[in-house]
Amino acid sequence: MSASKQESRPAAKFEADSSWPQVRLAETDRLETFSDSVLSITITLLVAEIVRPEYASGQLLEKLAAQWASYIAFLASFCYAGVIWLNHRAVFARVRHCDRSLHLANLFLLLTSALIPFPTAILSAAIQSGNEFDARVAVTLYAAIAGSMCLSWLVVFHVLSIHPYLVDDGVSPDFFPKERFRAWLGVILYTVAGLAGWLSTPKLALLIFLALPVFYGITSEGLTETRIRLQFRRAHRGVLAKRGVLAKGSHDGVHAE
C-alpha cells in the first residue's frame, strides 16, 4: 500500500471495538498487487490473438487487411480490460481491509475478467467467417462469460455491502449497496443480448456488447460519484445558491423600504 493511502486511513483499532467481527483481516496491498498483475498479464497476452499472416510476395497489405476482425477484437478486449482495471482501482480505493470472503469474491472477478479475451477472439473469428450459426454461438458464448463477469462484480459489491467494516470511514454506507444496481444491469443486459443473438440477430447483441463497456467506463467511480453526476450536482447547488442570494437580496430590499 502506498504511503499516501496509509496516511489517508486512520489506524483501525478493531481489536478493542466490539462492533468489529472476530475475523482475521488483512490490508489490501497483496490483493491489489495480485489483481493488477493478473489484469496486466491478460492485457499483454491479447496481442497473441493477432497472428502473423502467411503471404506471397506483394500480398502483405491484402493479408493484413483480411485480419480486420482480429484488430477490432484486440482493441475491444484491451478497452474492456482497461475498464475492468479502472473499476477495480476505484472500488479498492474505498476499501480499508480484506477478509476471506472478499478475497474469494476478488478471485472470482479475476477469473471471469481473464476469460473475456477468449470469447472476444471467438466472436471476431465467427463474424469474419460469415457463418450465421457460428455467429449466434459466438454471441451466446460472449454474453455468458461477460454476464458471469458482471455477476462477479455483484458478489464483490454484495460482500462490501454486508461487511461495512471493510470499507473506509469516509465512504457513504449506501455506496456499495447502490453499486449492486450497476452489476445487476450488466447481468440482465448480457442475458438479453445472448437471447437476442441466439433467437433473433447477432447484430442486436453486438450493440449491447459495445454499449456496456462504455457505460462501465463512464461510471467507473460509481453511480453516485460519476463525473457527469457530480458536475450536475455542482451546477444544481450553484443554481440553489444563486436563488438564495437573490431571495436574500429581495428580502433585504423589502426590509429597507
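Which residues is T112 in contact with, leaving aside its neighbours within four places in sequence? In this predicted model, the partners of T112 are I145, S148, M149 and S152. T112 itself sits in helix α5, which spans residues 100-115. Its relative accessibility is 4%, and because buried means under 20%, T112 counts as buried. The side chain of T112 also has a partner closer by in the chain: one of its polar atoms lies 3.0 Å from the backbone oxygen of L109.

A second buried position is found in helix α7, which covers residues 132-162 and includes C150. With a relative accessible area of 2%, C150 falls under the 20% cut-off and is therefore buried. Once residues up to four places away in sequence are set aside, C150 touches A183, G186, V187, Y190 and Y216. One of these partners, A183, is worth a second look on screen. Although C150 and A183 are separated by 33 residues in sequence, their C-alpha atoms are 5.2 Å apart in space.

I43 offers a case from helix α2, the segment of residues 29-45. Here the relative accessible area is 22%, which lies between the limits of 20% and 50%, so I43 is described as partly exposed. Beyond its neighbours within four places in sequence, I43 is in contact with F78, A81 and G82. The C-alpha atoms of I43 and C79 are 9.2 Å apart, with the two positions 36 residues apart in sequence numbering.

Attention can now turn from single residues to a pair of helices. Two packed helices are described by the angle between their axes and the distance between the axes. For helix α4 (residues 68-92) and helix α6 (residues 117-129), the angle is about 155° and the axes are 9 Å apart. Since an angle over 145 degrees counts as roughly antiparallel, α4 is roughly antiparallel to α6. The two helices cross in a right-handed sense.

Which residues of α4 and α6 meet? On the α4 side they are W68, A69, S70, A73, A76 and S77. Facing them from α6 are P117, T120, A121, S124, I127 and Q128. Sorted by character, the residues of this contact comprise 7 nonpolar and 5 polar, with no charged residue. The nonpolar set includes W68 and A69 from α4 and P117 and I127 from α6, while S70 of α4 and T120 of α6 are among the polar ones.

Terms used:
Residues are numbered from 1 along each chain as its sequence is written. This is a predicted model: local features need pLDDT of at least 70, side-chain atom pairs count only at pLDDT 80 or more; totals for chains, interfaces and linings use all residues. Side-chain values use heavy atoms; hydrogens and water are left out. Helices (H or I, at least four residues) and strands (E, at least two) are DSSP runs, numbered from the N terminus. Buried means under 20% relative accessible area, exposed over 50%, partly exposed in between (1.4 Å probe, protein chains only). A polar contact is a pair of N or O atoms within 3.5 Å; within protein, one must be able to donate a hydrogen and the other to accept it, and residues adjacent in sequence count only if both atoms are side-chain atoms. Contact means heavy atoms within 4.5 Å. Axes are lines fitted to C-alpha atoms, for helices over the stretch in contact, and angles run from 0 to 180 degrees between N-to-C directions. Angles under 35 degrees count as roughly parallel, over 145 as roughly antiparallel, 65 to 115 as roughly perpendicular and the rest as oblique. A crossing is left-handed if the near helix is turned anticlockwise from the far one by less than a right angle, and right-handed if clockwise.
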